[in-house]
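Work through the following exercises with the sequence and the structure side by side, and try each task before reading its solution.

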Amino acid sequence: MRIETEPDQLSSIDFYRLLTNLVIPRPIAWVSTVDEQGRTNLAPHSFFTVASANPPIVQFTSVGRKDTLRNIEQTGQFTVCLATRHHLEAVNATATEFEAGRSEFTEVGIQPEPSKLVAPPRVADSPAALECELERIIEVGDSFLVLGKVVQAAVSDNVYNDQRRPDAQLLNPLARLGGSQWSALGDIVTIRRIPLDAWDGVEGTERD
Ligand SMILES: Cc1cc2nc3c(=O)[nH]c(=O)nc-3n(C[C@H](O)[C@H](O)[C@H](O)COP(=O)(O)O)c2cc1C
């Protein structure tokens, strides 16, 4: 048996909770921005993914209008820093709704480091930062999709295991689940894609 629910049968907040309990785990973009006066801001966004492969574009969603969104509208720049398991309390603290202009870097005690190509600083002890130039903002429902072209990827050399790709275990990313639940990496399994000319069905399935 399934519990079937149409959005109209719940309040919008309850349907939102249903969605965010189902679309899991979500990676966390720790987004840094500056306002027109150069004051820094840092906030986590788990509605986050890669939007385009070439050019490289990432996207996150601001649910409603927040400081992060306003700063990006003003300056056209942001960084996405990777939040690791070690950053759990700090990430949560940066989601506190401080007044505009009051920096989460200062309030939470997060060390910034200058970015290479954009004004917003990186989180110094985050192993990876993507420096982004605003591509466009798309209003969707009550939310705003922020698309940013990645102009610089800054990745700590100690998370590369073979000098070619960052290693998941070494990155140790933090993820968001529903409600107040979070998670870290569980099992990591490796399986290769099956080329069409090697296709022979999936083991254990019947074929006509
Ligand atoms: C792990 C986590 C993920 C979050 N994801 C989002 C998100 O995807 N979109 C959003 O609008 N708010 C999200 N929030 C809430 C914002 O971080 C929060 O409203 C924050 O105060 C916004 O900061 P700002 O006003 O400085 O931009 C999230 C909070 C946490 C703790």
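A nonpolar core is a set of buried Ala, Val, Leu, Ile, Met, Phe, Trp, Tyr and Cys residues joined through C-beta atoms within 7 Å. A residue is buried if 20 or more other C-beta atoms lie within 10 Å of its own, exposed if 12 or fewer, and partly exposed in between, with C-beta atoms placed from the backbone. The model is predicted, and local features need pLDDT of at least 70, side-chain atom pairs count only at pLDDT 80 or more, while totals for chains, interfaces and linings use all residues. Residues are numbered from 1 along each chain as its sequence is written.

**Exercise 1. Describe the largest nonpolar core and the elements that build it.**

Step one is to find the core: the largest one has 26 residues, and those with the most contacts inside it are Ile28, Ala29, Trp30, Val31, Val80, Cys81 and Ala83. Step two is to assign residues to helices (H or I, at least four residues) and strands (E, at least two), which are DSSP runs numbered from the N terminus. Strand 2, strand 3, strand 5, helix 2, strand 6, helix 3, strand 9 and strand 10 each give two or more residues to this core, and the largest share, four residues, comes from strand 6. Step three is to look at one member, remembering that two residues are in contact if their C-beta atoms, placed from the backbone, lie within 7 Å. Leaving aside neighbours within four places in sequence, Ala83 is in contact with Ile28, Trp30, Pro44, Val91, Ser126 and Leu174. For the chain as a whole, buried residues make up 26% of the 208 residues.

**Exercise 2. Work out the order of the strands in the open sheet of seven strands, and explain what is special about strand 3 and strand 4.**

Begin with the rule that two strands pair if DSSP finds at least two bridges between them. The order is then 3-2-6-9-10-5-4, with antiparallel pairing. Strand 3 and strand 4 (48-52) stand at the edges, each with a single partner strand, so one side of each is left without a neighbour in the sheet. Next, compare individual pairs: twelve bridges join strand 9 (residues 128-140) to strand 10 (residues 143-155), and Glu133 stands opposite Lys149 in strand 10. Four bridges join strand 4 to strand 5, where Phe48 stands opposite Phe60 in strand 5, and a hairpin makes the connection from strand 4 to strand 5 through four residues.

**Exercise 3. Which residues come nearest to the ligand, and which elements supply its shell?**

A residue is near a molecule or strand if its C-beta atom, placed from the backbone, lies within 6 Å of it. Of the 18 residues around the ligand, Ala43, Lys66, Asp67, Thr68 and Ala95 come nearest. Strand 3 (40-45), strand 5 (57-63), helix 2 (67-75) and helix 3 (88-94) each supply at least two residues of the shell, and the largest share, four residues, comes from strand 3. To sort the shell by type, count Ala, Val, Leu, Ile, Met, Phe, Trp, Tyr, Cys and Pro as nonpolar, Asp, Glu, Lys and Arg as charged, and the others, Gly among them, as polar. The shell then divides into seven nonpolar, seven polar and four charged residues.

**Exercise 4. Is Asp125 buried or partly exposed?**

First locate Asp125, which lies in the loop between strand 8 (122-123) and strand 9. Then count: Asp125 has 14 other C-beta atoms within 10 Å, so Asp125 is partly exposed.
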